[in-house]
Amino acid sequence: MIKINEHYTEIGNNYLFAEVARRVREYKAAHPDKNVISLGIGDVTQPIVPAVIEAINKATAEMSKAETLRGYAPDFGYDFLVQAILKHDFLERGVQLKTSEIFVSDGAKSDTGNIGDILGKDNYIAITDPAYPVYVDTNKMAGREIELLPCTPENDFVPSFPKKTADVIYLCYPNNPTGTVLSKDQLKKWVDYALEHKSLILFDAAYEAFISQPNVPHSIYEIDGAKKCAIEFRSFSKTAGFTGMRCGYTVVPEELTTLTSKGEVISLNAMWKRRQSTKFNGTAYIVQRGAEAVYTPEGQKQIHEVIAYYKENARIIKEEIESLGITVYGGINAPYIWVKTPNNLTSWEFFDLVLNEAQIVGTPGSGFGTAGEGFFRFTAFGNRENTIEAVSRLKKLFSK
Ligand code: PLP
């Protein structure tokens, strides 16, 4: 008889976006004449920039000739991309990493989920609340014990240390869903905690490109000692519109070691190498050439124009909602605007209100964790026209 992983029965269905879709579908069926605008799901709307498209086309042409055909890609990424990553994402910020510490992948969702493969079941896990659901769900799937660290206006969205010493800590900054960040000093406290307790920090920097303020670290390795205690996840999805192309990378420093149960020193870099080479067969050549083009001068100029476009959307959403006397967080260093629901509405009550009365879709904060109750997430990834229309409808609704 088949024996299943029973932990799957404990996590339930992926309720949040399915429930959002169900309510939107029902609303549209009942009101076919209404124009519903979504500022909900965190997918991009702006096209991939010309420098990247050009590189993809060139790589595609190479695939059409036997002499330039590329088959299986190297498990950890082509050297041309790894070198570009090392230089532009790290060296230019004063961080020196080695080629062997970068693992190119098909995105940060896979990596943040798969990293659990190299971690034992008995780790005590600390995860900020609210959070990107992958962290909690994958640890529940593995049957690990989790402590949630509430991030609310009361603590300025800065998590306190867990009650019980954590072996593994998930930090995501700039944060999805709250749009908030940690300063260098605040992140240093976590690095110091991890070094003191021999814990591992899993640092998700998927939204690094949206940072506007100077004292906000783009990489955890800007903090001294982080190479001994942190793995960092990066993604081209929001940086360069790669949600449908699939490319990201993970940094596992060679200095990051722990002990086996027999007391032998073991390298997490070596373990991740072993894991990836066994279960992952490389990111497509064409996609990696596209990612490489992100780092060219034209690529940089073009992606920063798109990022600036989304950031302007974020500014519009934030300022217009604030002008209604509603409290808003995030939106400065992140494409997410975290709204405190007015009149003590629950997240879902607010969802129904803005859908029914203004035909706007967002994401109920409670779907990201208990501490998200009473909050609502808007994203800045819409096009400008829809963003402006959406906020003007919200203004009409809330200034009644
Ligand atoms: N990490 C966070 C915090 C995210 O919000 C997302 C996507 O929404 C991801 C990772 C996934 O990124 P990717 O598209 O690279 O899988």
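## A side-chain contact in helix 9

In this predicted model, the side chains of Arg275 and Asn114 are joined by a polar contact of 3.4 Å. Arg275 belongs to helix 9, which covers residues 268-279, and because its relative accessibility is 12%, it counts as buried, the limit for that class being under 20%.

Lys273 is also placed in helix 9, but with a relative accessible area of 26% this residue is partly exposed. Although Lys273 and Phe103 are 170 residues apart along the chain, their C-alpha atoms are separated by 8.1 Å.

## The ligand and its surroundings

The ligand sits in the largest pocket of the model, and two elements, helix 5 (108-114) and helix 8 (237-240), each give two or more residues to the shell around it. That shell is made up of 14 residues, of which the closest are Asp204, Tyr207, Ser235, Ser237 and Arg246.

Several short distances between polar atoms can be listed for this site. A polar side-chain atom of Asp204 is found 2.6 Å from a nitrogen atom of the ligand, and a polar side-chain atom of Ser235 is likewise placed 2.6 Å from a ligand atom, in this case an oxygen. Lys109 takes part through its backbone, where a polar atom is 2.8 Å from an oxygen atom of the ligand. On its own the ligand has 400 Å² of accessible area, and the protein covers 90% of that area.

## Helix 11

Helix 11 runs over residues 297-322, and its length can be checked against a simple expectation: at 1.5 Å a residue, its 26 residues should span 38 Å, and the 37 Å between its end C-alpha atoms agrees with that value.

Many positions along helix 11 are buried, and the list includes Gly299, Gln302, Ile303, Val306, Ile307 and Tyr310. Further along the helix, Asn313, Ala314, Ile316, Ile317, Lys318 and Ile321 are buried as well. When reading such a list it helps to recall that an α-helix has 3.6 residues a turn, so residues three or four places apart point the same way.

## Backbone geometry in the loops

Most residues other than glycine have a negative phi, and most peptide bonds are trans. Against that background, the loop between strand 5 (168-172) and helix 7 (184-197) deserves a look, as it holds Pro174 and also Pro177. A cis peptide bond joins Tyr173 to Pro174, with omega at about -5 degrees, and another cis peptide bond, with omega at about 15 degrees, joins Asn176 to Pro177.

Two residues that are not glycine have a positive phi: Asn343, at about 55 degrees, and Gln359, also at about 55 degrees. Asn343 is in the loop between strand 12 (336-340) and helix 12 (347-358), while Gln359 is in the loop that runs from helix 12 to strand 13 (360-361). Their surroundings are described by opposite words, since Asn343, at 71% relative accessibility, counts as exposed, whereas Gln359, at 10% relative accessibility, counts as buried.

## Further loop residues and strand 4

His218 is located in the loop between strand 6 and strand 7 (230-235), and its relative accessible area of 12% means that it is buried. The side chain of His218 makes a polar contact of 3.3 Å with the side chain of Arg93. Ser199, in the loop between helix 7 and strand 6 (200-204), is buried too, with a relative accessible area of 5%. The C-alpha atoms of Ser199 and Ile127 are separated by 13 Å, the two residues being 72 residues apart along the chain.

Ile146 lies in strand 4, which comprises residues 145-150, and at 23% relative accessibility Ile146 counts as partly exposed. Ile146 and Met1 are 145 residues apart along the chain, and a distance of 31 Å separates their C-alpha atoms.

Notes: Residues are numbered from 1 along each chain as its sequence is written. This is a predicted model: local features need pLDDT of at least 70, side-chain atom pairs count only at pLDDT 80 or more; totals for chains, interfaces and linings use all residues. Side-chain values use heavy atoms; hydrogens and water are left out. Helices (H or I, at least four residues) and strands (E, at least two) are DSSP runs, numbered from the N terminus. The expected span of a helix is 1.5 Å times one less than its number of residues. Buried means under 20% relative accessible area, exposed over 50%, partly exposed in between (1.4 Å probe, protein chains only). A residue is near a molecule or strand if one of its heavy atoms lies within 4 Å of it. A polar contact is a pair of N or O atoms within 3.5 Å; within protein, one must be able to donate a hydrogen and the other to accept it, and residues adjacent in sequence count only if both atoms are side-chain atoms. Accessible areas come from the Shrake-Rupley method with a 1.4 Å probe; for residues, only the protein chains shown count as cover. On a 1 Å grid over the protein atoms alone, a cavity is a set of points where a 1.4 Å probe fits but cannot get out, and a pocket is an open set with protein on both sides within 12 Å along at least five of seven lines; lining residues have an atom within 4 Å of a point. A molecule sits in a cavity or pocket if more than half of its atoms lie within 2 Å of its grid points.
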